[in-house]
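Reader: I should like a close look at one loop residue in this model, followed by an account of how the surrounding chains are built. Please proceed from the single residue outward.

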Amino acid sequence: MIEVEHLTKQYGEHTAVSDLSFRVDSGRIYGFLGPNGAGKSTTMNIMTGCLSATEGTVRIDGYDIFESPNEAKRRIGYLPEQPPLYLNESPLEYLRFVGEAKGLRGAELERQISAVVEQTKIGDVRRKRISALSKGYRQRVGIAQALLGNPEVIILDEPTVGLDPLQIIEIRTLVKELGQSHTVIFSSHILSEVQNLCDQILIISRGKLVAFDRPENLEKRLLGSNEITVVTDAPPAEASALLDGVAELTDCAAEERADGLTALRLKTDCTELHQVSREIFFAFAGAGKALLELSLKKASLEDVFLELTEHQEPPAVEPDGAEQPEHQAETEPAEATESAETAEGKGEEEP
Amino acid sequence: MIAVCKHELRGYFHSLTAYVFGAFLLAVVGVGAMLYNLQAAVSNFEYVLSFSSLVFVVIVPILTMRVLAEERRQKTDQLLYSLPITTTQVVLGKYLALLAVYLIPLAVICVYPLIFAQFGEVYLPTSYGSIFAFFVMGAALMAVGVFLSSLTENQGFAAGITIAVILFNYYSVSLSEYISSTAFGSLIALDVLAILLGFLIRYLTRNEGLAYGVALALVLALAAAFLVDSSMFEGLLPAVMEQLSLFERFNTFVNGVFDVTAIVYYLSVIGFFLLLSVQSMEKRRYN
């Protein structure tokens, strides 16, 4: 179990992490989500003793990382953003060094090395030089290193960055397996990844914790933004009037397109989207107007993420007038969100 | 600590480093032995070591340039920080590995006086006394090298600075004799050194107040001392340099005297620079 309390890290004037507090329980997979530069790596570096904190405490199983670092570090396996590998060694030599440094000796060392080699599936390359290995294998060697000494908590900093899709899937599978026997905390800026793997998500933005919840609960937060897009041949005013009869709609923006049709963006907080689209359909059909396109978009975790990380009050301007770097949410082109729901309610009707 | 030491040793013998280092040291000492002991037929092995001591300018950087700089460049320092070992253990483990690599060619060198003793009169106590001093002096220079390697992530830079520092140390006494030995000349030279020290502190701590404070305090103290008693400063610079120079103290051993204060000085230098290396690594956690 990890308790982080009031963690603050300042680099000179710049605050990388400010007053972060959370608690991580045993035996789950936690996703650490945030745009680049939000303070994910900084927080992880502090939690693993690689970096000091300006203020605050981190306790691992009750051991303070600053006061009894060795006891605390024994309970953590850490894979930094860039796997810390000695390139001119083989994975076996490397793991032997890490194991010895973690206090393993003799038969126990050999047993654990073969166990993690098997677990991370690096048996084929265990005698090659690390410099000759692909990125995916290097990442596995890095994870193998973190697993030595059988720590309760595994912390992985962006383990899938820079890998090809196949390798990403393999690493995700590995993370999932690890989650059965360890507490895993991993950071990512890929939403779908976190959504699929994690029991709990921590979203961090500008060094602050903005959300800490289960993925489903986070989605519920944005009920109001289920979106329906409609294209019709009715003029904007008439279309809006027709839609007044649909009670579930919360917002309606009509716009005349260049081809003379009207595009409408509708919002609803009703989760039964098909029920709403049926009403829309009959409203137009009743008035003898054609519904040329109708597409639905459910609020996704991505929207929650964007909302949480972008719609924040801008940080106080620093005294020297230094401009904060433009805040960018780096998200993968929405993979799983839109396509599934669109194209369901398309219809062309003539009365 | 043992794990780090073993790991480093494996690294040195995997790569050419240990071999290049040993070969270089043995070659230079071999040439020296040929010139002094064989050609000139002098039975004192000390002179060979005195001749060879300049070899440290080359071999110490070979060994120490990568020791901490490479960890930083490869980002493996992250691993060291996250392992349940202290920074002191890391630095000591690495230093012990360096000493082990250094001791291997020295063990070979230890045979030389015995061989020469077969063919003539060799006074072994001074020979072995100076070999011991040679070892401790090299160890002190390596501690300096380890520290310089901790300052940067660029091996080449670490090597360059180490060469410059060792060369400066080697020639510092003769150089300081070129500077006017008048009291005022010494004052100016010492002031320059104080200001350089200030710059060094600023580079290491990024604390401008502290750096300029130290430099200013030293300059003022020197000026005050100069006003009180200017005769004290006559010939002071060469004297100070002689005290600080690691090589100058080695000459005592070459002249056949086993100087315990010099050994203590070398050990203090080792301790001081290893401590600085640990601090330099620790500082990176607090940047």
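Author: In this predicted model, A:Arg126 is partly exposed, because 17 other C-beta atoms lie within 10 Å, whereas a buried residue would need 20 or more and an exposed one 12 or fewer. A:Arg126 belongs to the loop that runs between α4 (106–119) and α5 (135–147) of chain A. Once its neighbours within four places in sequence are set aside, A:Arg126 is in contact with A:Ser90, A:Pro91, A:Leu92 and A:Val117. A:Tyr137 stands eleven residues from A:Arg126 in sequence, and the two C-alpha atoms are 10.0 Å apart.

Two other residues of chain A deserve attention for their backbone angles. Most residues other than glycine have a negative phi. A:His6, however, has a phi near 50°, a positive value in a residue that is not glycine. A:His6 is placed in strand β1 (residues 2–11) of chain A and is exposed, with 12 other C-beta atoms within 10 Å. A:Asp61 likewise has a positive phi near 50°. A:Asp61 sits in the loop between β4 (55–60) and β5 (63–64) of chain A, and it counts as partly exposed because it has 15 C-beta neighbours inside 10 Å.

These residues belong to a chain that is divided into domain 1 (2–218) and domain 2 (223–297). Taken over C-alpha atoms, the centres of domain 1 and domain 2 of chain A are separated by 47 Å.

Confidence varies along chain A. Its mean pLDDT is 81, and 85% of its residues reach 70 or more. Among its elements, helix α3 (residues 91–101) of chain A has the highest mean pLDDT, 94, and helix α11 (residues 301–310) of chain A the lowest, 70. Over residues 313–351 of chain A the pLDDT falls below 50, although this stretch has 50 contacts in the model beyond near neighbours in sequence. Where pLDDT is low, the predicted coordinates should not be read in detail.

Chain B can be considered next. Its pLDDT averages 89, and 99% of the residues score at least 70. Among the elements of chain B, the mean pLDDT is highest in helix α7 (residues 87–109), at 95, and lowest in helix α13 (residues 236–244), at 80.

Chain B contains 15 helices and zero strands. Its C-alpha atoms fill a box of roughly 60 × 55 × 30 Å along the principal axes. The radius of gyration of chain B is 21 Å, which agrees with the value near 19 Å for a compact globule of 287 residues. Buried residues account for 38% of the 287 residues in chain B. Of the contacts in chain B between residues at least 6 apart in sequence, 78% join residues at least 24 apart.

One helix of chain B shows how such burial is arranged. Helix α3 (residues 45–52) of chain B is largely enclosed by the rest of the structure, because six of its eight residues are buried. The buried residues in α3(B) are B:Phe45, B:Glu46, B:Val48, B:Leu49, B:Ser50 and B:Ser52. Their cover includes α2 (17–39), α8 (111–117), α9 (124–150) and α14 (246–254) of chain B.

A database annotation also applies to chain B. In an unreviewed entry, UniProt places the feature "domain: ABC-2 type transporter transmembrane" at residues 43–167 of chain B. In the model, residues 43–167 of chain B are 78% helix and 0% strand, and the end C-alpha atoms of this span lie 29 Å apart.

Finally, there is the meeting of the two chains. The contact takes 22 residues from chain A and 18 residues from chain B. On the side of chain B that touches chain A, α1 (2–14) and α6 (77–82) of chain B each supply at least two residues. The greatest share of that side comes from α1(B), with five residues. By character, the residues of the side of chain B that touches chain A comprise eight nonpolar, seven polar and three charged. For the complex, the predictor gives an ipTM of 0.85 and a pTM of 0.80.

Terms used: Residues are numbered from 1 along each chain as its sequence is written. Chains are lettered from A and ligands numbered from 1 in the order in which they are written. This is a predicted model: local features need pLDDT of at least 70, side-chain atom pairs count only at pLDDT 80 or more; totals for chains, interfaces and linings use all residues. Domain bounds come from an automatic or database domain assignment. UniProt positions are given in the numbering used here, feature names are shortened, and annotations may be inferred rather than shown by experiment. Helices (H or I, at least four residues) and strands (E, at least two) are DSSP runs, numbered from the N terminus. Two residues are in contact if their C-beta atoms, placed from the backbone, lie within 7 Å. Ala, Val, Leu, Ile, Met, Phe, Trp, Tyr, Cys and Pro count as nonpolar, Asp, Glu, Lys and Arg as charged, and the others, Gly among them, as polar. pLDDT is the predictor's confidence in each residue, from 0 to 100. The radius of gyration is taken over C-alpha atoms; the globule rule is 2.2 Å times the number of residues to the power 0.38.
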